[in-house]
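Here is a short briefing on a ligand site. Look at the structure first, then read the points below.

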Amino acid sequence: MSDNKEQTFFTALSDAVLNMDEGTVEEIAHRVIKEKIDAYRAIENGLVDGMNRAGQLFEDEEYFIPEILLCSDAMYAGLNILNPYINREQQRTRKKVVIGVVEGDTHDIGKNLVKTLLDAAGFEVIDLGRDVQPRQIVDAAIAEHADVIALSTLMTTTMDGMAAVVQILQESGQRDAFKVIVGGGPISQTFADRIGADGYAPSAPAAVKLLHKLFKDSIYV
Amino acid sequence: MSDSTINRLALKKDALFPLQRLHAYAQGLPVDRLPCVPIVGNTAARVLGVTVSSLRNNGKSLADAQVASYRRFGYDNIRVFTDLYTIAEGMGARIRVPEDETAFLAEPAIESVSRISGLRPVDPWRDGVLPEHLEAIKRVVQEVGNEVPVTAALTGPFTNASFLIGAVNLSRLVLKDPASVHSLCKLSLESALAYAEAIFDAGGMPSLTDAMSSSSVISPKQFEEFSYPYLKTLVDYIHSKSRPATLHICGKTSPIWDKMADTRADCISIDNDANLLDAKKKIGHRVRLMGNVHPSAIMLQGTPQDIRREVFKCVIAAHDNPKGFVVASGCSLPTETPFENIDAMLDAVRETGYPVNAGLLEEIVNNSL
Ligand code: B12
């Protein structure tokens, strides 16, 4: 298989994700398998690339929530087809993220975007939903053997729930077991530093970069 | 530099009732100060010393709290409001009501578009907590309606649609199934019109609020297709009762200001993600502006000095708005906003007086940095 031909497939996948075209993504994904193109690279250079481009358009305010959701639907349609074909080693060793919106807050659009882009970037994401108690978040992270706890809130009135998570981790001597990252409207780097989180990012694409930085670009264990 | 001695203007007591002030201001007659509306919602429970949940389904308590809060602070508009979900609840959405916090959506009314046909518009005199809210409006009007405008929050159709089927679901449908979005918005519009009529019958005025229409969520084109026509119908309805319409949209709104003005709303209330000076330049000749002190970073977490400074900045930016200006918070205040911060907002406006001396305010702001 020539690199050139592979690249044509990857570009087509990427474009189809960007164009929110679920049907085309599925069609090309099936052809990728038929042509025995490396599924993992098709995900990275095709599906994920498309989602990253969509994320960029979102940052540029050309795409809005509806577009981003359909791009992510298209990406997931492709992942469902390609995932079974990627090398097991790679699957098993992905870093695991537990994500949730803190107690008292039901804004979940932003959290869903962060989840999608982390997923696209190769993290395994467990979504705890919205309005989640600090205890529940910590328990889930421990039970899932997660590497990262990602916390979202859009309201100042619920920010303390983030501090509570860090505190529970500290008190139970588990603080070092997880990277804690935080985000959402009222959150800032200063706030993250104050509560002793490991990082803050202002947007979903930035959340991906943040985790790459925290894991020094290796998202595999 | 300390601001208290050198840079404090004389603090005048209010000389007019809100209705007198607003009336004179609209006519370009002399007033004692600019109108000022810290958008008080469940903070009213704190003024009365009761739990947040005790207001939601009790017209008497809700009225008592709103009247007590108005009397305590002396702002220019009473807004009967507990949360955004009262209409959706009447249409079948499940609402969680924590003991002492603002209620929120636990589950939308339906899970899929196949259920839309089962939805019915509300009967505001019967469904959910709406009858108690109407009771509250009546009582507030009876007590203080001769001195202050009494409004009730009316959730915009697109936002209400998101409570019927879920925000993420609705966002997908915007591109995948526009017809269903319109069906949900139409049902929501019918409910909104019914509630608006009931609000008028109770002696109040509806005040439109529409978070999901924000450019933080949908594109300007999507706003134009899925939100604008319904908001316009509501504004037309309010005008048919010879009443002014106020439209609030949270978050980013600059890309849709023109369209918001096209609804013919009389006053547009903008959030802290939007810029008053820009809004004045773009639509100030068409609509009154209201805003936009940060509800959480400043009103909840700031000091009275912070609030004074931010109020002055807003006044400097928009006091000369051709269609007028109301000093306000960018959005509803968080419940636990300290009383002294709300006082500070009104005091800063009283201190500003009228006509506004913007040069002097600028000096004060610069000195306080
Ligand atoms: C849409 C909206 C709603 C919708 C939410 C629908 C949903 N299912 O999510 C509805 C209408 C339901 C709603 C309800 C309410 N809302 Co609201 N809402 C908004 C609005 C307009 C946009 C939010 C949004 O979705 N933005 C788009 C997303 C993509 O952006 P985002 O969430 O910020 O996420 C990005 C980044 O922050 C980051 N990020 C997010 N999470 C994380 C996590 C991590 C780990 C990282 C690294 C990054 C990250 O990445 C994301 C993508 O790039 C904002 C206005 C604003 N300025 O944000 C108000 C706003 C958030 N709401 C507000 C309020 C007050 C409310 C209500 C309490 C209103 C009421 N009185 O009933 C209720 C909340 C009830 C509750 N208890 O939850 C306030 C919060 C103020 C405060 N106290 O701090 C805001 C700021 C408006 C305002 N200026 O006052 N709201």
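Residues from chains A and B surround the ligand, so the two chains share the site. This is a predicted model: local features need pLDDT of at least 70, side-chain atom pairs count only at pLDDT 80 or more, and totals for chains, interfaces and linings use all residues. Residues are numbered from 1 along each chain as its sequence is written, chains are lettered from A and ligands numbered from 1 in the order in which they are written, and side-chain values use heavy atoms, without hydrogens and water.

**The shell**
- The ligand has 48 residues around it, each with a heavy atom within 4 Å.
- Thr106(A), His107(A), Thr156(A), Asp271(B) and Asp273(B) come nearest.
- The shell divides into 27 nonpolar, 17 polar and 4 charged residues. Here Ala, Val, Leu, Ile, Met, Phe, Trp, Tyr, Cys and Pro count as nonpolar, Asp, Glu, Lys and Arg as charged, and the others, Gly among them, as polar.

**The metal**
- The cobalt atom of the ligand has a single protein donor (an N, O or S atom within 2.8 Å of the metal, or 3.2 Å for Na, K and Ca).
- That donor is NE2 of His107(A), 2.2 Å away.
- His107(A) sits in the loop between strand E1 (96-101) and H6 of chain A. Helices (H or I, at least four residues) and strands (E, at least two) are DSSP runs, numbered from the N terminus.

**Polar atoms and elements**
- A polar side-chain atom of Asp271(B) is 2.8 Å from a ligand nitrogen.
- A polar backbone atom of Gly104(A) is 2.9 Å from a nitrogen atom of the ligand.
- Elements giving two or more residues to the shell include helix H6 (109-120) of chain A and helix H7 (157-165) of chain B.
- H6(A) gives the most, with 4 residues.

Definitions and conventions:
A polar contact is a pair of N or O atoms within 3.5 Å; within protein, one must be able to donate a hydrogen and the other to accept it, and residues adjacent in sequence count only if both atoms are side-chain atoms.
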